[in-house]
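Trainee: Got a minute to walk me through this model before I set anything up? I'd like to take the domains and then one strand.

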Amino acid sequence: MKSHEITPFIGTEFTDLTYDDLRDDDVFAQLLQALHTRDLVVVRSLDLTPSQQIDLARRIGTPVPFVLQDWRHPEHEEILVSSNETRDDRPVGIARVGNFWHQDSSFVRSPAQYTMLHGVNVPQNTGHTLFAGASDVYDRVPADWRRRIDGRTGRHSLNKQQRIGPEHVGLSIAEMKALVALEHPAVTHPLVQTDPFTGRRYLYAAREYMDGVDGFDANDTEAFFDLVDALVQDPEHVYTHRWTPRDLLIWKTATTYHVATEVAPGTDRTVHRISIEAA
Ligand SMILES: [Fe+2]
């Protein structure tokens with residue numbers, strides 16, 4: 001087994017590691033330590049069955065079935081199938097998730113702490129995943145902005161991500177918005193939080209999952225979102241994960257910003273995702 005830091009600001013990559021190796025407590029402890037201190041762990045080319053992926057997730061915490069029942073793996077409810085592939089003219093999984101910069105599930109009160117993805121069938125030249133570190137982002141917030149956001153809370157919701165689904169057929173836009181608000185009421189989170197593992201402060205805010213900042217008017221809110229976008233998307237501070245077959249990725253949801261990029265038309269892509277609540 002070999003490992004190295006992917007960038008100065010996020011990620012540790014492991015190579016020459018098998019599922020059997022990971023059954024060793026010391027090896028697994030190294031992986032967990034890297035996850036907690038580096039926010040993102042990449043294990044290259046790891047052969048895993050769905051059961052083995054769930055087993056790994058259980059050693060980190062408690063796998064939680066995804067909210068959308070339609071896209072759960074047929075035999076393993078813990079696994080969400082994210083795919084653009086079809087079988088018998090039916091989609092095998094949910095297509096296009098997370099195609100904007102975000103921190104996973106920040107629109108709920110207590111998001112699961114970890115996300116795990118296994119690249120079951122991934123193209124190598126398209127469909128990359130981009131990552132940035134929320135502590136690294138906070139470190140670059142200018143001093144005057146730090147003073148303005150310290151102690152403030154942000155309002156998170158799915159309001160900007162509404163899609164018309166089958167349950168919305170026949171509803172007006174106003175009724176649809178009311179339904180989404182009922183199912184996913186807005187929640188507030190502090191803009192600046194502290195990572196219990198590293199003691200570092202991190203920014204918890206992303207434009208597409210937020211309605212605004214408490215105490216900010218519309219202009220201040222837009223200026224804040226512009227700042228967040230500029231810091232998160234600074235090319236010097238973004239890691240582009242170019243998938244290779246069977247890569248396993250695990251990240252801390254609070255301290256990791258990420259975005260899925262487009263998959264070239266006609267290219268199949270399937271990943272298996274598990275949300276994990278801390279033990
Ligand atoms: Fe995500």
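Mentor: Sure, here come the ground rules, then your questions. This is a predicted model, where local features need pLDDT of at least 70, side-chain atom pairs count only at pLDDT 80 or more, and totals for chains, interfaces and linings use all residues. Residues are numbered from 1 along each chain as its sequence is written.

Trainee: How many Å separate the centres of domain 1 and domain 2?

Mentor: Bounds come from an automatic or database domain assignment. Domain 1 is 2-98 + 109-119 + 243-278, and domain 2 is 134-232. Taken over C-alpha atoms, the separation of their centres is 24 Å.

Trainee: Which elements each supply at least two residues of the side of domain 1 that touches domain 2?

Mentor: Contact means C-beta atoms, placed from the backbone, within 7 Å. Domain 1 puts in 9 residues and domain 2 puts in 13. Helices (H or I, at least four residues) and strands (E, at least two) are DSSP runs, numbered from the N terminus. The ones you want are α2 (25-38) and β17 (256-260).

Trainee: Why is strand β9 (residues 129-133) largely enclosed by the rest of the structure?

Mentor: A residue is buried if 20 or more other C-beta atoms, placed from the backbone, lie within 10 Å of its own. β9 is largely enclosed because the buried share of its residues is 4 of the 5.

Trainee: Which residue of β17 is the bridge partner of Gly 133?

Mentor: Strands pair if DSSP finds at least two bridges between them. β9 and β17 do so in the antiparallel sense, over 5 bridges. Gly 133 has as its partner in β17 Thr 256.

Notes
Two residues are in contact if their C-beta atoms, placed from the backbone, lie within 7 Å. A residue is buried if 20 or more other C-beta atoms lie within 10 Å of its own, exposed if 12 or fewer, and partly exposed in between; C-beta atoms are placed from the backbone.
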